[in-house]
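Thanks for coming. I will go through a few places in one structure, so please have the sequence and the model open.

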Amino acid sequence: MPETTDRGARRLAFGGDYNPEQWPQSVWEEDVRLMREAGVTMVSVGIFSWALLEPEPGAHDFGWLDRILDLLHENGIRADLGTPTVSPPAWFYRAHPEALPVTREGVRYSFGSRAAICHSSPAYREAAARITTELARRYAGHPALAMWHVHNEYGVPVSACYCDGCAAHFRRWLGDRYGTADAVNEAWGTAFWGLRYGSLDEIDPPRLTPTVGNPAQQLDYRRFADDTLRENFRAERDILHRLAPGVPVTTNFMTALSQCDTVDYWAWGREVDVVTNDHYLITDGRRTHVNLAMAADLTRSVAGGAPWLLMEHSTSGVSWQPRNPAKRPGEMARNSLAHVARGSEGAMFFQWRQSRKGAEKFHSAMLPHAGTDSRVWREVVELGAGIASLAAVHGTRTVADAAMVWDWQSWWAQRLEWRPSEDHDARERADSFYETLYDRHLTVDFAHPEADLARYPLVVVPALYLASEEAGRNLRAYAEGGGTLVVSYFSGIVDRNDAVHPGAYPGVLRDVLGLTVEEWSPLGEGGSVRITGPGGTALTGDVWSEFVVPRGAETVWTYADGPAGGHPAVTRHRVGDGTAWYVSTRLGAPALDTVLDAAFEDAGLAPRGELPRDVEVVRREGESGAYLFAVNHTGHDAKVPLDAPGTELLTGERAGGHLAVPAGGVRVVHLDA
């Protein structure tokens, strides 16, 4: 990773995607004047500009971009400069139609949208390398340059291509991974249904078949597609590192489980110099601020706990959901500062000036169609001042209380066809477990199942269908070392090749949980079961039940009815110096909270009952001190206890004892040392 010296984000960033090519040059001066009024410190430029930068093959026009970068620098605004490789020009596709991706059904997409790319295409790779090289040579030393922004949102809307070129690339990938066709046959279990391959040349992508295809082949193709995207990112990154040393390189992730399910962000987080993320509220009836907190925690975890940057979110409504409500007054600032609380080094938006044309002309922006005499603009200016007042927070780290194990590859495997119940959804379990922790006012790190977990008093595993032997040993070592582990059903079942671990379920988690599962008995649509436990507590589960046999674990809750009536439903196993809990049915957030209450006691996590629901309290700490963020998502004023007095940075007021947080507001206290 290169030294950033005076590059990168030297302060909290505030700004957004700037697309001056959509506007006449007479607007540019007004743009930078208004950016200064709003307190903008950085903008992303050039992301969709390939057709303008290279209007014909090999013919480049950088004059307009020169003027923009000079104008930004003259006004003290830094640039996150994009490589425009997400949208190749029309001339490229006319010369190379094979670079358009092909669906699993054999349909080739057409030019006319963004990201219509076969990432295995040699022509695309060569053209992307050329335009990236030209940009790096021209702008490596430009004083406005803060960082490089490669491509845009890898993995959406096209994550995989199934063309013949990808087939050849997949075979090479398999050769590197397995060596021989015999090794592939063994890994994929091709003896089943007689799907054996005599050579690697016989293998194609998992295209449309009459019935369910080989699940291990499908899983490997997802890995291949993700690796292929990452190969192309690395190619551009390495060019930029070579020609522009010292300038950090990033690409914008979409870590929220509600937004992108095709990318293994644990792998991607290791490739960028700084993690950045795009997040948009999903209006699906859920508590959107919980999804926001979860995405921010997940992004910080992908960054290894280091500060990261919110590269895109919206000032108000978006344009691509079935229903796109405006944000309520104050919600934009509340969303932005909630991301900062959880580790972001600022708040960026899509986009600066709202477009008049194109697919996203109804997507909100910092400067809306209504202009500067508008609520959105006034809130943007106020937020810019607020971000500036938090300058001392820069470089500090968010403090976590507990961890959640999550693995994108396990999610991919679980979502393949012919699983025990289509109602069991890994994302739903992750959301429910996270919501339970959130409502207990715990800040959550996410962790790969093989990561070091020792520093966390509590680790929850909401859905880990695919678990390696290393993961099993890691989770056992965590519990033996004194940790409290909570595992949900259908975890530990298969290995990296989607092969069932030898012996009874739950596979590699049998020993740490102290039990076996003889059978699953998923419930019918709308079915439910009652479970009873300590003090006669009665809770309701749905979707799933199991025939659990304790092998050292104690029964805490029991199925009172249903297929597994009389069998354990929730167990606790003392292992080493810690405990391991198992929850064998699906519990909603309130019931899950009841069951987990005992696990929280094991972990020594005291309840924070003095904090109101939907008022989140998060700490960041670093060399400049400790900062407490209080974000009030309710319609009522709230009071938050302070363990030390301090200065509230947004108002400049002193705070002590209890911090008053207005309805819908945010307060940030720099605690006295």
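Asp498 counts as buried, because its relative accessibility is 12% and the cut-off for buried is under 20%. Asp498 sits in the loop between β14 and α16. Keep in mind that this is a predicted model. The backbone at Asp498 has a positive phi of about 65°, although Asp498 is not a glycine. As background, most residues other than glycine have a negative phi.

Where else does a residue other than glycine have a positive phi? His151 is such a case, with phi near 60°. His151 is found in the loop between β4, residues 145–150, and α6. Is His151 buried or exposed? His151 has a relative accessible area of 3%, so it is buried.

Now back to the loop between β14 (484–488) and α16 (510–513), where Pro506 is found. The peptide bond from Tyr505 to Pro506 is cis, and omega is near 0°. In general, most peptide bonds are trans. Another cis peptide bond joins Phe350 and Gln351, with omega about 0°. Gln351 belongs to the loop between β9 and α12.

Trp352 is in that loop as well, the one between β9 (344–349) and α12 (375–389). Trp352 is buried, because its relative accessible area is 1%. Trp377, in helix α12, is also buried, at 3%. How are the rings of Trp352 and Trp377 arranged? Their centres are 5.9 Å apart and their planes are at 75°, so the pair is edge-to-face. This pair links distant parts of the chain, with the two positions 25 residues apart in numbering.

Next to Trp352 in the sequence is Arg353, which lies over the face of Trp23, at 5.2 Å from the ring centre.

Let me stay with aromatic rings. A search of the whole structure finds 34 aromatic pairs. One of them is Phe170 with Tyr221, an edge-to-face pair at 4.8 Å centre to centre, with 80° between the planes. Phe170 is in helix α6 (residues 164–178) and Tyr221 is in helix α8 (residues 215–243), 51 residues apart. Are these two residues buried or exposed? Phe170 has a relative accessible area of 0%, so it is buried. Tyr221, at 2%, counts as buried too. There is also an aromatic cluster, formed by Tyr154, Phe233, Phe253, Tyr265, Trp266, Trp268 and Trp408.

Next, a pair of helices. Helix α10 (residues 288–302) and helix α14 (residues 426–439) pack at an angle of about 100°, and their axes are 10 Å apart. That angle makes α10 roughly perpendicular to α14. Which residues meet there? From α10 they are His289, Val290, Asn291, Ala293, Met294 and Asp297, and from α14 they are Arg427, Ala430, Asp431, Tyr434, Glu435 and Tyr438. Sorted by class, the contact has 6 nonpolar, 2 polar and 4 charged residues.

My last stop is Thr555, in strand β19 (residues 554–559). Thr555 has a relative accessible area of 37%, so it is partly exposed. Leaving aside residues up to four places away in sequence, Thr555 touches Pro550, Pro568, Val570 and Thr571. Thr555 and Pro420 are 135 residues apart in sequence, and their C-alpha atoms are 25 Å apart in space.

That is the end of the tour.

Key: Residues are numbered from 1 along each chain as its sequence is written. This is a predicted model: local features need pLDDT of at least 70, side-chain atom pairs count only at pLDDT 80 or more; totals for chains, interfaces and linings use all residues. Side-chain values use heavy atoms; hydrogens and water are left out. Axes are lines fitted to C-alpha atoms, for helices over the stretch in contact, and angles run from 0 to 180 degrees between N-to-C directions. Helices (H or I, at least four residues) and strands (E, at least two) are DSSP runs, numbered from the N terminus. Angles under 35 degrees count as roughly parallel, over 145 as roughly antiparallel, 65 to 115 as roughly perpendicular and the rest as oblique. Contact means heavy atoms within 4.5 Å. Ala, Val, Leu, Ile, Met, Phe, Trp, Tyr, Cys and Pro count as nonpolar, Asp, Glu, Lys and Arg as charged, and the others, Gly among them, as polar. Rings of Phe, Tyr and Trp (its six-membered ring) pair if their centres lie within 6.5 Å; planes under 30 degrees apart count as stacked, over 60 as edge-to-face and the rest as tilted. Buried means under 20% relative accessible area, exposed over 50%, partly exposed in between (1.4 Å probe, protein chains only). A charge sits over a ring if NZ of Lys or CZ of Arg is within 6 Å of the ring centre and within 35 degrees of the ring normal.
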